[in-house]
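Work through the exercises below with the sequence and the structure open beside you. Try each task before reading its solution.

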Number of protein chains: 4
Amino acid sequence: MKNNKPKFKQIIDAAVTVIAENGYHASKVSKIAAQAGVADGTIYLYFKNKEDILVSLFQEKMGQFIEKTEQQIDLKQNAEEKMKTLIHMHFSQLSDDHDLAIVTQLELRQSNKELRLMINEVLKRYLSIIDRIVEEGIAEGSFDPKLNIRLVRHMIFGTLDETVTNWVMKEQKYKLADQVNEVHKLIIKGLSR
Amino acid sequence: MKNNKPKFKQIIDAAVTVIAENGYHASKVSKIAAQAGVADGTIYLYFKNKEDILVSLFQEKMGQFIEKTEQQIDLKQNAEEKMKTLIHMHFSQLSDDHDLAIVTQLELRQSNKELRLMINEVLKRYLSIIDRIVEEGIAEGSFDPKLNIRLVRHMIFGTLDETVTNWVMKEQKYKLADQVNEVHKLIIKGLSR
Amino acid sequence: MKNNKPKFKQIIDAAVTVIAENGYHASKVSKIAAQAGVADGTIYLYFKNKEDILVSLFQEKMGQFIEKTEQQIDLKQNAEEKMKTLIHMHFSQLSDDHDLAIVTQLELRQSNKELRLMINEVLKRYLSIIDRIVEEGIAEGSFDPKLNIRLVRHMIFGTLDETVTNWVMKEQKYKLADQVNEVHKLIIKGLSR
Amino acid sequence: MKNNKPKFKQIIDAAVTVIAENGYHASKVSKIAAQAGVADGTIYLYFKNKEDILVSLFQEKMGQFIEKTEQQIDLKQNAEEKMKTLIHMHFSQLSDDHDLAIVTQLELRQSNKELRLMINEVLKRYLSIIDRIVEEGIAEGSFDPKLNIRLVRHMIFGTLDETVTNWVMKEQKYKLADQVNEVHKLIIKGLSR
DNA sequence: GATGAATGAGGTTTCATTCAT
DNA sequence: TATGAATGAAACCTCATTCAT
């Protein structure tokens with residue numbers, strides 16, 4: 001697995017740093033190589049092309065993001081608790097990794113349509129976590145059974161994403177973690193019977 | 001006012017068409033000029049540079065978008081109705097102008113940080129419409145007085161934006177207008193006392 | 001005679017001012033037109049093209065330069081006096097018209113080879129004044145009859161031109177007029193029997 | 001030292017050829033690259049930009065020019081001999097490198113003020129050679145002690161430069177080398193006691 | 001004569017990618 | 001594996017000139 005080779009991760013971490021610092025368009029392959037401490041050509045031993053660095057970056061980081069989120073959610077007993085954990089994990093993980101937040105909320109969105117479609121592919125796993133919680137809530141009887149799952153999914157993800165983006169853009173003048181309870185209440189009220 | 005000169009609008013409309021068709025980065029100035037039926041150099045009589053076309057495009061189109069939305073909202077009597085009108089106008093206007101939806105939801109977001117900050121400036125006017133409806137609802141007694149306005153704003157805009165983006169990405173396989181009622185119910189439930 | 005029309009001179013004077021201020025390459029036709037207080041298109045009623053402004057400028061200004069020089073020289077009785085007058089007129093006229101000095105010594109030399117050949121055409125009249133003085137000096141018996149006229153012409157013109165250019169480049173930190181006597185002595189010594 | 005890399009000199013020599021042939025403004029970077037047998041982009045591995053090619057060209061060529069001149073002058077015993085060697089070297093070196101003469105006498109002077117200031121910087125070394133010879137002549141007692149060094153410098157450089165420029169413009173219809181003796185006599189007469 | 005909006009050709013430079021070592 | 005010098009395609013913008021009014 002390429003993912004186990006140390007240089008692979010080394011280059012991805014370098015990419016996060018460089019993109020967060022310089023922005024997507026100013027992030028030249030040579031800069032990423034320099035930050036990773038390898039030669040330009042070495043990049044191409046681990047990645048097909050520049051876009052592949054970004055896709056891999058998102059897969060790698062989002063994979064960890066999702067995994068940790070799932071682990072925490074599995075510890076909870078009911079949909080409402082799980083929803084709170086989802087929100088908490090979403091906010092805290094991006095809050096803790098400043099550079100990653102900039103990259104996922106701002107810089108990666110400057111990529112072209114093709115790359116964004118791939119990113120959406122990765123996101124699906126995350127969206128299905130949301131779906132499962134909602135379905136569980138309906139089954140438990142705590143959420144409204146008439147909910148349109150797709151719509152609810154957009155509402156939840158849209159709310160979280162917009163909140164984080166705004167927080168990143170406002171240069172983190174307030175604590176994201178402080179928003180968890182209020183956001184949770186707002187969402188739960190929309191979902192409940 | 002440059003906005004009254006016919007060529008100004010002509011070029012902006014050409015830009016919407018070309019960007020929707022080719023994507024932001026493949027949209028060469030020469031292509032936009034050709035589509036507008038003017039010479040390349042003429043572009044620079046009306047716009048400072050390529051980026052200025054995008055800023056102006058967004059200001060012009062978003063200006064109309066907001067104006068029409070405000071007009072319709074003003075006809076309604078209470079916050080709940082106004083919210084429904086907001087959602088309806090948001091969905092219908094983007095639904096009706098296919099190319100514009102692609103440009104605002106996908107292509108314009110590929111621009112750099114500076115441009116996005118300008119776009120946010122324009123968006124503020126729209127977000128303040130949302131704020132006013134929420135405040136009105138609270139004053140009327142129909143919305144929960146303890147609502148955190150900023151958070152609610154993110155929820156509403158995030159939900160609408162995410163829904164439209166998903167609709168654009170799914171290549172409009174379903175009717176956006178059909179979602180109005182459900183989205184409205186979902187949001188209102190979150191806001192109500 | 002186009003030269004008698006007021007706008008012709010108006011545009012030439014504007015060109016001198018604009019070129020002296022902005023340099024040759026930054027002197028756009030539109031800037032010259034603005035400075036002259038006419039429309040861009042009007043320039044082309046009086047001049048064939050941009051280069052023609054420069055050629056005309058040089059002809060007009062150099063024509064006056066040469067005429068005045070000749071008038072003063074004609075008042076003198078012998079070659080040595082005439083030479084002193086030539087040097088004096090060369091230095092004083094350029095010293096008195098700051099902008100013109102910048103244009104002739106620095107900016108006009110940035111033009112292309114073709115324009116410089118035309119400029120040389122105009123210069124010939126000036127060089128022939130030099131030649132005549134030298135020939136007169138030889139006939140009078142005060143200058144060495146074995147002098148190579150062309151060479152002497154280069155020496156005299158080269159000396160004057162280099163001195164003025166250096167004075168312009170040094171931003172006129174010293175008085176050009178103060179150099180007349182010394183330059184005269186130096187040249188006369190080279191020419192005398 | 002970049003100057004030791006073969007491609008650096010290769011590109012400079014290509015620039016001399018291309019500029020002499022096409023003139024400064026018609027000398028596109030792509031033409032220089034083609035003449036040097038490298039890709040367009042390679043130019044930018046060795047030079048900051050197009051102007052830097054010209055500055056480097058002048059430094060490189062003028063450096064050699066000055067060095068050779070100094071070497072020959074050092075072999076001579078007195079100021080008069082040294083002056084003759086200076087004139088001889090000045091004429092012969094430019095006479096021998098046709099293209100270089102065109103570039104230094106005509107094309108390089110079309111550059112902008114900034115570039116010309118850099119060129120003047122390089123020229124100072126040459127002018128100080130002249131100064132030293134004159135001072136030596138005065139010390140020896142062969143030159144007039146009352147000479148104004150700066151003026152004499154302008155006379156000598158102006159005479160040589162004007163002579164070469166005229167020779168280049170006249171398309172070398174006569175031998176420059178044949179002028180050495182006469183120019184020398186003329187100058188020496190002006191300098192001597 | 002005078003205007004000034006419109007034209008459109010043309011070139012420098014960047015940077016992802018390759019490949020000989 | 002790793003290197004990094006070399007490649008070469010691709011596009012924004014300027015500005016002299018025109019011509020309908």
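**Exercise 1. A salt bridge in chain C**

Task: Decide whether Lys82(C) is buried or exposed, then describe the salt bridge that joins Lys82(C) and Glu136(C).

Solution.

Step 1. Lys82(C) has a relative accessibility of 10%, so it counts as buried. The classes are buried under 20% relative accessible area, exposed over 50%, and partly exposed in between (1.4 Å probe, protein chains only).

Step 2. Glu136(C) stands at 28% relative accessibility and therefore counts as partly exposed.

Step 3. The side chains of Lys82(C) and Glu136(C) meet in a salt bridge of 3.1 Å, N to O. The rule asks for a side-chain nitrogen of Lys or Arg within 4 Å of a carboxyl oxygen of Asp or Glu.

Step 4. The pair links distant parts of the chain, with Lys82(C) in helix H5 (residues 79–96) of chain C and Glu136(C) in helix H7 of chain C, 54 residues apart. Helices (H or I, at least four residues) and strands (E, at least two) are DSSP runs, numbered from the N terminus.

A note on the source: this is a predicted model, in which local features need pLDDT of at least 70 and side-chain atom pairs count only at pLDDT 80 or more, while totals for chains, interfaces and linings use all residues. Residues are numbered from 1 along each chain as its sequence is written, chains are lettered from A and ligands numbered from 1 in the order in which they are written, and side-chain values use heavy atoms, with hydrogens and water left out.

**Exercise 2. Salt bridges in chain D and chain A**

Task: Which parts of chain D does the pair Arg125(D) and Glu70(D) link, and where do Glu121(D) and Lys124(D) lie?

Solution.

Step 1. Arg125(D) forms a salt bridge with Glu70(D), with the closest N and O atoms 3.7 Å apart. This pair links distant parts of the chain: Arg125(D) is in helix H7 (residues 113–140) of chain D and Glu70(D) in helix H4 (residues 50–74) of chain D, 55 residues apart.

Step 2. Arg125(D) counts as partly exposed because its relative accessibility is 42%. Glu70(D) is also partly exposed, with a relative accessible area of 22%.

Step 3. Glu121(D) and Lys124(D) meet through their side chains in a salt bridge (3.5 Å, N to O). Both lie in helix H7 of chain D, three residues apart, about one turn of the helix.

Step 4. In chain A, a network of salt bridges links Glu70(A), Arg125(A) and Arg132(A). Over all chains, the count comes to 37 salt bridges.

**Exercise 3. The surroundings of Arg153(C)**

Task: Which residues is Arg153(C) in contact with, leaving aside its neighbours within four places in sequence?

Solution.

Step 1. Place the residue: Arg153(C) is in helix H8 of chain C. Its relative accessible area is 17%, so Arg153(C) is buried.

Step 2. With those neighbours left aside, Arg153(C) is in contact (heavy atoms within 4.5 Å) with Leu127(C), Ile130(C), Asp131(C) and Gly158(C).

Step 3. The side chains of Arg153(C) and Asp131(C) are joined by a polar contact of 3.0 Å. A polar contact is a pair of N or O atoms within 3.5 Å; within protein, one must be able to donate a hydrogen and the other to accept it, and residues adjacent in sequence count only if both atoms are side-chain atoms.

**Exercise 4. Helix H1 of chain B**

Task: What span should helix H1 (residues 6–22) of chain B have at 1.5 Å a residue?

Solution.

Step 1. The expected span is 1.5 Å times one less than the number of residues. For the 17 residues of H1(B) this gives 24 Å, and the end C-alpha atoms are 24 Å apart, which agrees.

Step 2. The buried residues of H1(B) include Phe8(B), Ile11(B) and Ile12(B). Among the elements that cover the buried residues are helix H7 (113–140) of chain A and helix H2 (29–36) of chain B.

Step 3. Just after H1(B), Gly23(B) has a positive phi of about 85°.

**Exercise 5. Chain C against chain D**

Task: How many residues does each chain give to the contact of chain C and chain D?

Solution.

Step 1. Chain C gives 35 residues and chain D gives 35 residues.

Step 2. About 3200 Å² is buried between chain C and chain D, and carbon and sulfur atoms give 56% of that area. Buried area is the accessible area (1.4 Å probe) that two parts lose on being put together, summed over both.

Step 3. Two salt bridges are counted between chain C and chain D. Lys189(C) and Asp144(D) meet in a salt bridge of 3.4 Å, N to O.

Step 4. H8(C) gives the largest share of the side of chain C that touches chain D, 12 residues.
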